[in-house]
Amino acid sequence: MFNIRQIPLAAWIGLLLTGLAVICALFAQWIAPHGNGEIVGDVWAPMSSAHWLGTDNLGRDLLSRMIYGARITIFIAGMATALSFSLGAILGFTAAVVGGLVDTLMSGVVDLLMAIPTLIFGLVILAVLPANNVTLILVMGILSSTRVYRLSRAVAADINAMDFVEAAKLRGEGLSWIIFREILPNAMSLLVAELGLRFIFSVLFLSALSYLGLGVQPPDADWGGMVMENKDGIVFGIPAALIPAAAIAGLGISVNLVVDWVLTRTTSFKGGRD
Amino acid sequence: MKGAFRGSPVLKLVAQRIALGIFLLFAVSVLIFAGTQILPGDVAQSILGQSATPEAVANLRQELGLNDPAYMRYFQWVGGVLTGDLGKALTTRQEITVTLMPRLWNTLFLAFWAAAVSIPLSIILGLIAVRFRNGPVDKAISGFALASTSLPEFFIGYLLILFLAVKLQWFPSISTVYDGMPFLEKLKAIVLPVIALVIVVLAHMMRMTRAAILNVMQSAYIETAELKGLSALDIICKHAFPNAIAPIVNVVMLNMAYLVVGVVVIEVIFVYPGMGQYLVDHVVKRDVPVVQAVGLIFAAVYIGLNIVADVAAILANPRLRHPK
Amino acid sequence: MSQELDYLSCRVVAGRMSRREFLGRATALGMSAAFANSLLAGAAEAQAPRKGGILKAGLQGGGATDSLDPALPAGAPPIAFGRCWGEVLIEVTPDNRIEYRIAQEIGSSKDAKTWTLKIRKDIPFHNGKEVTPQDVVATLERHSNKESKSGALGVLRGIETIRVDGGDVIITLKEPNVELPYLMTDYHLIIQPNGGKDAPAAGIGAGPYKVTVNEPGVRHGGEKFKDYWQGDNLGHADQIEIIVINDATARISALQGKQVHMINRVEPKVVDLVKRVPGVTIQNVTGRGCYLFNMFCDTPPFNNVDLRIALKLALDREQMLDKILRGYGSLGNDFPINNAYPLFPDDVEQRTFDPDKAKFHYQKSGHSGPILLRTSDLAFPGAVDAAQLYQQSCAKAGITLEVKREPGDGYWTEVWQKQPFYASYWTGRSTQDQMYSSAYLSTAEWNDTHFFNDKFDKLLKEARAELDQEKRKNLYREMANIVRDEGGVIVPFFNQFIDATWSGVKGFVKHPARDMCNGYALAQCWIEA
């Protein structure tokens, strides 16, 4: 069903960059020229043949850090996004379809979670739970699933009021049929559009947690954390601060290019035009 | 449409939402209180800092009444809040209301201007993107929006400072505003944080607008409208947009809430005296009454905006207006 | 020099000089201090201060929780603001001499137990009333009260009684202490009407500026107090303003954009970059503060002296000084004293990175498995990075160091003095005795390395009563060696205070006690036209 020739250029770029980042993430220890925490040169050394991207705030090879950083960034942000979508979308759809008390209760709990400022929430949870990557993924996933829940519920409520859902209900279809066969395909385009953004938000949220001292443990660092480590150099144009930022933007754009392409494909699956 | 506003079902739904909101606020107050109790660290120690003597810490604990049981302090607190008394800050012993109100006002001022720029802009950009969907204009808008969203906030802030404040010297890099500052000067002071915030929230709203409208565009009635020979822009604005309003309002409200609640980093970078900075200062010092008060206000803002979103969704969807 | 005052006071105590003679000479030294300041700053700044204008500083360290109550501990902005609106009894000059302020003279009994402070007349408070000995006594009472929450409580603990005697204040100590004048220079001890017992946070003092704006964590402002008692020396600008800028990059941008005239805490990493900015001067001075890693000497595995030595030897301090402070500091030698202290024992051998010896001691200790080091950027700026460097250099000695970054929030309550191995800092004290008594005496309030050493305690008490300078220095050398070889503290380096001023700012005198000219920058600087 995938005809390679029909993939537009933009999607190609997206696939290529995303693929590159994923390959870096998977094979970091074989690709990276230096160790993750190894000190190899002066602080903030410029780009050179020895260190292609220069060195960071401690004199570590930036290219190697970027490659190891890809692993952490993609793994944690990806898992958190996956968690938030499976959790948020399923609960959101269920709430919209079942309605009544279930809806009220679940929406109440979600509103409750969302109404507490993320900062306080993160501080309390992460201070109480042990600091490791699993905790991070859980906290990030659950916090952002509340946002997905709101959106899914809103979309599903709209679709749920449509005639074909009524028809399915009258046919006597079960809850999971209605959610997965009727609602999900029709909500797909909005959810997929949100997916790409959620991934970026997860990356950014991770860097914000690093800022509060709650993120990934050193010497490991995600890309956002690396921008943070080198932030003092930003206003002086130090590349060590700009490169991870550019990498986040690049990853964000390429993931979303892929998402956009998938989006046009799913809409055509549904028989929409273009 | 016209009858909807007279119909009691809508009023009933709206009333339900508001009642639910108030109930939620109470639940949040319990959670916030409990949360601040399990925060690690000791208030007295934090107030006095690293160099405090154990005696001084013990004295302060006694004086602050930290030895009372938690539930008693909760009821005292809620009782106070209901009568408009947020209590006194532990650290400065000042009435919280007095120190908090100017901060709240500042936060709302910044959020208002950021929203005033970003909401129309994102919706217009979204509409344009739909009109020229999959063309170069759409791609350019999407690409720019995505790139700006992907950058950490502080990075955007520093870049703005570097170019607009340090290099070009058009705007001040620090946005300290105070009472009695002339209005125009105040506006000039907040230009940079407003730009930063707009960049941060723009893409999310723009993309949701685009996706929501595109979703509606696949409906049969749009095809009908197209067959009637209406212009593309007419169809988008008059037929597609009104029917896509629910998810758009939803995402707009989320971002509005963010503008009020989540701008700590921007406040720190631009030295803006808003609520976020105020909250962080007090979290660090474990000034529990202030953290609770700010948490409650944030929650109230959030719940309020959600009610607006829900009501908008009810009004926009004819079927929800007339539940069977 | 402080040595000189020490010397003089010792002579008084030893009965070789009359009290009157001592007071006269010490006053002479003190009176010249303010003038000497401007001499020190070089010929360019020896010109007469230019009056007028608004002087603005962008300072790190303020928060919405700051208060005008001088008893409460504070970051740089409230301290600098306190220097503007408040006046203290005694101040210390950059070269450790005593400068007399509200106290006109200080003298002691022969046993250094009873001290007499002569209170200067005709110094007005901002409310128009005159500073009286009663106000001084009330202030000291408020800060030394056991119930008090004052940050100066520890310093004033040795006081037995305080009373007024005519125009003098008489302080009786529980034990002799030749260093009492230095204790009185504590920044908390701003003299307030009735000691601030009525309105501690009123901001009424006898300083060169009256409080006009006080928005904690945002900005503080003051206007010139016309009746300030030494208006020639301090308070040149018509108005002063402190803007709290906690973000390092924002501070530098504000200075570059000329929104402020001076900033504190320039990050060592960017100093060389800031130096290239035209019109900006870097003002750096080595202080007495140090960054350190603390081990509990009574908790396994750190109760083994070989393991402690191994960890000290496995630290590459040259590299750490270079990478973390970019050279803007000086090497530490595992005791918390450097040459900014009087009587510094400068002949203690410098410990260097020696992975082989470290490995030897590590194996001798019999320990195996990873060692957990807790850190946070709150411990000291760059502490997380420093821990990572430490991890690397330990690996070369075959020691596995595990680094755990703790949430900055709650670091001082959950990690400091609670966990057996962690990063921390000391801002330093004005004398070695104060520093050691605060943290290394067995009974010290902040014995953050759980160091209990009878010999050390005995030497410390001996030094406090020792009048002979050479002998005291020898005692301090012996103590330094004990802490260095047996103690639980690892001191990689002493940091510098790095401020930056706009080139039009004159009168800036570097001071080892604190950044921003010991907090006096706004009061003593002026803007050149």
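Me: What does the secondary structure of chain B come to, in helices and strands?
Reply: In this predicted model, the secondary structure of chain B comes to 16 helices and zero strands.

Me: What makes a residue of chain B count as buried, and what percentage of the 324 residues are buried?
Reply: A residue is called buried because 20 or more other C-beta atoms lie within 10 Å of its own, and in chain B 49% of the 324 residues are buried.

Me: Which percentage of the contacts in chain B with a separation of 6 or more comes from residues 24 or more positions apart?
Reply: Such residues account for 72% of those contacts in chain B.

Me: How many residues does each chain give to the contact between chain B and chain A?
Reply: Chain B gives 52 residues and chain A gives 45 residues; on the side of chain B, the elements that give two or more residues include helix H1 (8–38) and helix H9 (191–217) of chain B, and by class that side has 36 nonpolar, 13 polar and three charged residues.

Me: Where in chain A does UniProt place the feature "transmembrane region"?
Reply: The unreviewed UniProt entry places this feature at several spans of chain A, among them residues 6–28 and 234–263; in the model, residues 6–28 of chain A are 83% helix and 0% strand, with end C-alpha atoms 32 Å apart, while residues 234–263 of chain A are 83% helix and 0% strand, with end C-alpha atoms 36 Å apart.

Me: Which elements of chain A have the lowest and the highest mean pLDDT?
Reply: Helix H5 (residues 118–128) of chain A has the lowest, at 68, and helix H3 (residues 62–98) of chain A the highest, at 92.

Methods: Residues are numbered from 1 along each chain as its sequence is written. Chains are lettered from A and ligands numbered from 1 in the order in which they are written. This is a predicted model: local features need pLDDT of at least 70, side-chain atom pairs count only at pLDDT 80 or more; totals for chains, interfaces and linings use all residues. pLDDT is the predictor's confidence in each residue, from 0 to 100. Helices (H or I, at least four residues) and strands (E, at least two) are DSSP runs, numbered from the N terminus. A residue is buried if 20 or more other C-beta atoms lie within 10 Å of its own, exposed if 12 or fewer, and partly exposed in between; C-beta atoms are placed from the backbone. Two residues are in contact if their C-beta atoms, placed from the backbone, lie within 7 Å. UniProt positions are given in the numbering used here, feature names are shortened, and annotations may be inferred rather than shown by experiment. Ala, Val, Leu, Ile, Met, Phe, Trp, Tyr, Cys and Pro count as nonpolar, Asp, Glu, Lys and Arg as charged, and the others, Gly among them, as polar.
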